[in-house]
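Dear colleague,

Please find below the structure that I am handing over to you. A description of what was found in it follows directly after.

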Amino acid sequence: IHLNTDVDRGVVVGLSPAVIVMATGARSAPLGHLRSSPETRVLGLFEAYGKVMGPVNVVIAGGSVASCVLAVHLARAGCRVTLVEPSDSLALDQPGWGREQIERLVHNTEGIDVRLEATVETVDMDGVHLQSHGEVEILTDVGVVVVGGRQPENALAEHLLSDPDLADRVLVVGDAVRPRNIHSATLEGMRAAVLGRSAAFALV
């Protein structure tokens, strides 16, 4: 076990592994067209944890499971949260009954205002501009806008997969493939462990 260790191709090759399981997770989605103003900081999803302290007004752009969890976390920490989702439901990336549980948690948490079928358009000097069905609303006194969403943290995996000497030993699992839920990641990790064990015995 190597903790607190940066990993690159050289480290991987030096360990001479029979199987390389890439479970590098996800990172915050790009901030896109939203930029900070003197009054309002724009942060990525993961950057908001630990950097946003209540009481402050927060707008979260996007209603994924991760955004919903962040909204609950910030509301419980004393923030006033406006959760803005373009579709007509929250947590659409969570299948089945789990989505209903997430929606119920959000709606039952004091301090969260849900805006469905709406988008965050701009962050300007006069406030945060929301758009819904052609109507624009300006939220004032907003301290932080969080861009919800995640994307795979897979740069190293792609680098290893492009190496013909390593590619057939690389297994990419969990959010490094596509950000999803813990159940999918756990199942893929289990499959990778079984495949890795079989491959290791085959090489002995």
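Strand E8 and strand E9 (residues 135-139) run antiparallel and are joined by five bridges. The model in which this pairing appears is a predicted one. Two of the residue pairs may help you to find the place on your screen. Glutamine 131 has valine 136 of E9 as its bridge partner, and valine 128 stands opposite leucine 139 in E9. The hairpin of E8 and E9 has two residues between the strands, and in this hairpin histidine 133 takes a positive phi near 55°.

On to the other partner of E8. Strand E7 (residues 119-124) and strand E8 (residues 127-132) are also antiparallel, with five bridges between them. Here aspartate 124 is found opposite glycine 127 in E8. A hairpin of two residues leads from E7 to E8.

Taken together, these three strands make an open sheet in the order E7-E8-E9, with antiparallel pairing. Its edge strands are E7 and E9, each of which pairs on one side only. On average, neighbouring strands of this sheet are turned by 25° against each other, direction ignored.

There is also an open sheet of five strands, whose order is E3-E10-E4-E5-E6 and whose pairing is parallel. Which strands stand at the edges of this sheet? They are strand E3 (41-44) and strand E6 (112-116); each has a single partner strand, so one side of each is left without a neighbour in the sheet. From one strand to the next, the twist averages 20°.

Within this five-stranded sheet, strand E4 (residues 57-61) runs parallel to E5, and five bridges join the two. As one example of this pairing, valine 58 has valine 81 in E5 as its bridge partner. Helix H3 (residues 65-76) packs on the sheet, where it touches E4, E5, E6 and strand E10 (144-147). The direction of helix H3 makes about 165° with that of E5.

One residue in a loop deserves a separate paragraph. Glutamine 94 lies in the loop between strand E5 (80-85) and helix H4 (97-107). Is glutamine 94 buried or exposed? A residue is called buried when its relative accessible area is under 20%. Glutamine 94 has a relative accessibility of 15%, and therefore counts as buried. Leaving aside residues up to four places away in sequence, glutamine 94 touches Val65, Arg99 and Asn181.

Finally, some values for the chain as a whole. Its secondary structure comes to six helices and twelve strands. The C-alpha trace spans about 65 × 40 × 30 Å along its principal axes. The chain has 204 residues, of which 41% count as buried. If one takes the contacts between residues at least 6 apart in sequence, 62% of them join residues at least 24 apart.

The exposed area of the chain is about 11,600 Å², and carbon and sulfur atoms supply 56% of it. As for charges, the chain has 16 positive and 25 negative ones, and the mean positions of these two groups are 8 Å apart.

With kind regards

Notes. Residues are numbered from 1 along each chain as its sequence is written. This is a predicted model: local features need pLDDT of at least 70, side-chain atom pairs count only at pLDDT 80 or more; totals for chains, interfaces and linings use all residues. Side-chain values use heavy atoms; hydrogens and water are left out. Helices (H or I, at least four residues) and strands (E, at least two) are DSSP runs, numbered from the N terminus. Buried means under 20% relative accessible area, exposed over 50%, partly exposed in between (1.4 Å probe, protein chains only). Contact means heavy atoms within 4.5 Å. Accessible areas come from the Shrake-Rupley method with a 1.4 Å probe; for residues, only the protein chains shown count as cover. Lys and Arg count as positive and Asp and Glu as negative; His and the chain ends are not counted. The place of a charge is taken as NZ of Lys, CZ of Arg, CG of Asp or CD of Glu. Two strands pair if DSSP finds at least two bridges between them. Axes are lines fitted to C-alpha atoms, for helices over the stretch in contact, and angles run from 0 to 180 degrees between N-to-C directions.
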